[in-house]
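Hi,

Here is the structure I promised to pass on. Have a look at it first, and my notes follow below.

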Amino acid sequence: MDRWNLDKLYKGFDQSFLNDLDHLKERYESLSQYRTSDSEEALEKYILNKREADMLYEKLSCFIMLTMSADTNNTTAKKYYDQLNRMMAELVSLETLNNQWISSFNLDCINSPLINEHLYILKEIKNNMKYVLSEDKETIIAHMRNTGSYAWTQYKDQIIASIKVTIDDQIYPLTEVLNMAYSDDSSLRKKAYEAEINAYKDYEDSIAQCLNGIKGETLYLSKLRGYQDVVMESCIKSRLKRETLDTLLLVIRKNLNVLRDFLKLKANILGYSNGLPWYDMYAPIVNDTKEYSYQEGCQKVLKHFYSFSTHLGDFARKAIDEHWIDVYPREGKTGGAFCENIISIKESRFLLNYGNHFSDIITLAHELGHGFHGECLKNESILNTHYPMPIAETASTLCETIVAKKAIKEASRETAITILENSLMDATQVIVDIYSRFLFEYKVFEKRKKGPLSAKELCDTMLESQKEAYSDSIDPQYFHPYMWTWKPHYYDPDYSFYNYPYAFGLLLAKGLYALYVKDHSFSKTYESFLAMTGKNDLEDVCQTLNIDLSSESFWQSSIDIIKEDFKQLKSML
């Protein structure tokens, strides 16, 4: 069976689903009864019932979202998605009042074990209340965003989905053309790039309007709530100190030449003397035609996971055997890959679009790594499982590093080169390109303060940011000025700067892998580390492993592992 089984959630949009949907609003509204008391007992009852309400919401929202992901044309799922979103918007004022009530408690003088178990999240609510407006204003904002930034996001998605690209008199959807960047046919890669760039010109003004609408709303709300700036708002939501982000970016800037040199080497191998053209970013430097069935991919992942820990291996085997994974691409299924950890049933679900390449094995390992993060959190209260974005990519990246490092030792020369190249390309995307995206978004916010940006201004800003990050490693004639159009991260109104978390996650994972190499008993400490990620600031979580995130030396040690990969690749060419 190559499709996931969702029966643990619901067996369809049946009476059980409808009953839970009917009771959800009532569950959340009932929480207001506890606000009449300032006793610890009232707060305990609130926590217990909030946990139950959140688990019910998680079941409903996950079932809807997973159903839509497997079948994007499912009109029933879309209907309930909209209904659930409207219901949650109506509950915003109640949540604001509940959080104001929580903020009235002196949380430093609590005797209750249940309250102390949730002390971090309660204190976070209290600390963040200074950025929350009155309940009537929050309700208005929640409803207005449904026809504001959320609507702009949906409109952008519709535009991107409607773009058709013509190559050699044949018409393709944009998503298919984007995948041509990975083609083995060099002429097709260039044609796809040029046709893609040309295709945006008929849509650029509409997409620019979407981005201006979202960024304008974000700037206004961030200022209205009292944040220092949008970057600081992002750091607070990430449970990350601004100083930590500044240190991370500083080390990235100091080491950009490592991956620029890799791109220059790749350009030389492919026969270019003026830097690598954007369209050949993913061109293979060796011809490795070996394919791996899904079953073979699973066996490789299991073998290498078990070398790290029995728990990790057992978890992956259970996910595979119990059909938690939707494996192959098909019409109507969303692209890419993701993991959804579902605390209410203590399981995960994984969407893949497996294509028999070694990169698909790495993707499988990556998503199972996300799932293992959920596995280590499954016995926590659901209120303590919502970890911030920067830590979200750490477990996944560590798992793909484990598989890649082990696989290289037993692979043929061509496959080993392919693995190293793919690893370095991933690092290039997550460090150099992510840095360009951070620069772009920062500049867009600064310019948006003065008024909307035209499509040309957005393209110019993108080119300026890419050149600053990539320098002369990319052929100056072939950057990608329209990268702002389809990257979904720029259009998330709830999370600005949805870019640096990837760099944070990759480099933290590399640092954790270095700890594992020094001490293979690290796996037990690592599980405790993951279990803490929903109820601590990131600096405090990492301190449990004696990692100082404010130290340049830690981040540099992570970069050094990437340097080792580059050195190994050069030695094999």
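**What I found: cavities, a pocket, domains and a buried glutamate**

I'll start with the largest cavity, since its lining is the part you'll probably want to load up. Lining it are Phe315, Trp324, Asn341, Ile342, Ile343, Lys346, Glu347, Ser348, Gly371, Gly374, Glu375 and Lys378. Keep in mind that this is a predicted model.

In volume, the largest cavity comes to about 70 Å³. Three elements each put at least two residues into its lining: β4 (338-342), β5 (347-351) and α17. The top contributor is α17, with three residues. Sorted by class, the lining of the largest cavity is an even split, with four nonpolar, four polar and four charged residues.

How many cavities of 30 Å³ or more does the structure hold? There are three. The second largest has a volume of about 60 Å³, and its lining is made up of Thr401, Ala404, Lys405, Ile408, Ile419, Leu420, Ser423, Lys510 and Asp565. Two helices, α19 (394-410) and α20 (413-448), are the elements that give two or more residues to that lining. The largest share comes from α19, which supplies four residues. By class, the second largest cavity is lined by four nonpolar, two polar and three charged residues.

**An open pocket**

On to the pockets. The second largest pocket holds about 350 Å³ of space. It is lined by 16 residues, and those closest to its centre are Tyr120, Asn127, Ile236, Arg239 and Asp537. Both α6 (119-128) and α12 (230-237) supply at least two residues of the lining of this pocket, and α6 gives the most, with five residues. If you're thinking about charges, the class count for the second largest pocket is eight charged, six nonpolar and two polar residues.

**Two domains**

The domain assignment of the protein chain gives domain 1 (15-132) and domain 2 (291-411). Taken over C-alpha atoms, their centres are 28 Å apart. On the contact side, 18 residues of domain 1 meet 17 residues of domain 2. Interface size is often quoted as the accessible area lost when the parts come together. For domain 1 and domain 2, about 1400 Å² is buried between them, and 64% of that is on carbon and sulfur atoms.

**Glu380 and helix α24**

One residue I'd like you to look at is Glu380. It is placed in the loop between α17 (358-377) and α18 (389-392). Is Glu380 buried or exposed? Its relative accessible area is 19%, so Glu380 counts as buried, given that the cut-off for buried is under 20%. Leaving out residues up to four places away in sequence, Glu380 touches Ile343, Thr385, Ala531 and Lys535. One of these contacts, Ile343, also appears in the lining of the largest cavity.

Another of the contacts, Ala531, belongs to the buried set of helix α24. That helix covers residues 522-531 and is mostly covered, with seven of its 10 residues buried. The buried ones are Phe522, Ser523, Tyr526, Glu527, Phe529, Leu530 and Ala531.

That's what I have so far. Shout if anything in here is unclear.

Cheers

How values were computed
Residues are numbered from 1 along each chain as its sequence is written. This is a predicted model: local features need pLDDT of at least 70, side-chain atom pairs count only at pLDDT 80 or more; totals for chains, interfaces and linings use all residues. Side-chain values use heavy atoms; hydrogens and water are left out. Buried means under 20% relative accessible area, exposed over 50%, partly exposed in between (1.4 Å probe, protein chains only). Contact means heavy atoms within 4.5 Å. On a 1 Å grid over the protein atoms alone, a cavity is a set of points where a 1.4 Å probe fits but cannot get out, and a pocket is an open set with protein on both sides within 12 Å along at least five of seven lines; lining residues have an atom within 4 Å of a point. Grid points are joined across faces, edges and corners, and a volume is the space filled by probe spheres set on the points. Ala, Val, Leu, Ile, Met, Phe, Trp, Tyr, Cys and Pro count as nonpolar, Asp, Glu, Lys and Arg as charged, and the others, Gly among them, as polar. Domain bounds come from an automatic or database domain assignment. Buried area is the accessible area (1.4 Å probe) that two parts lose on being put together, summed over both.
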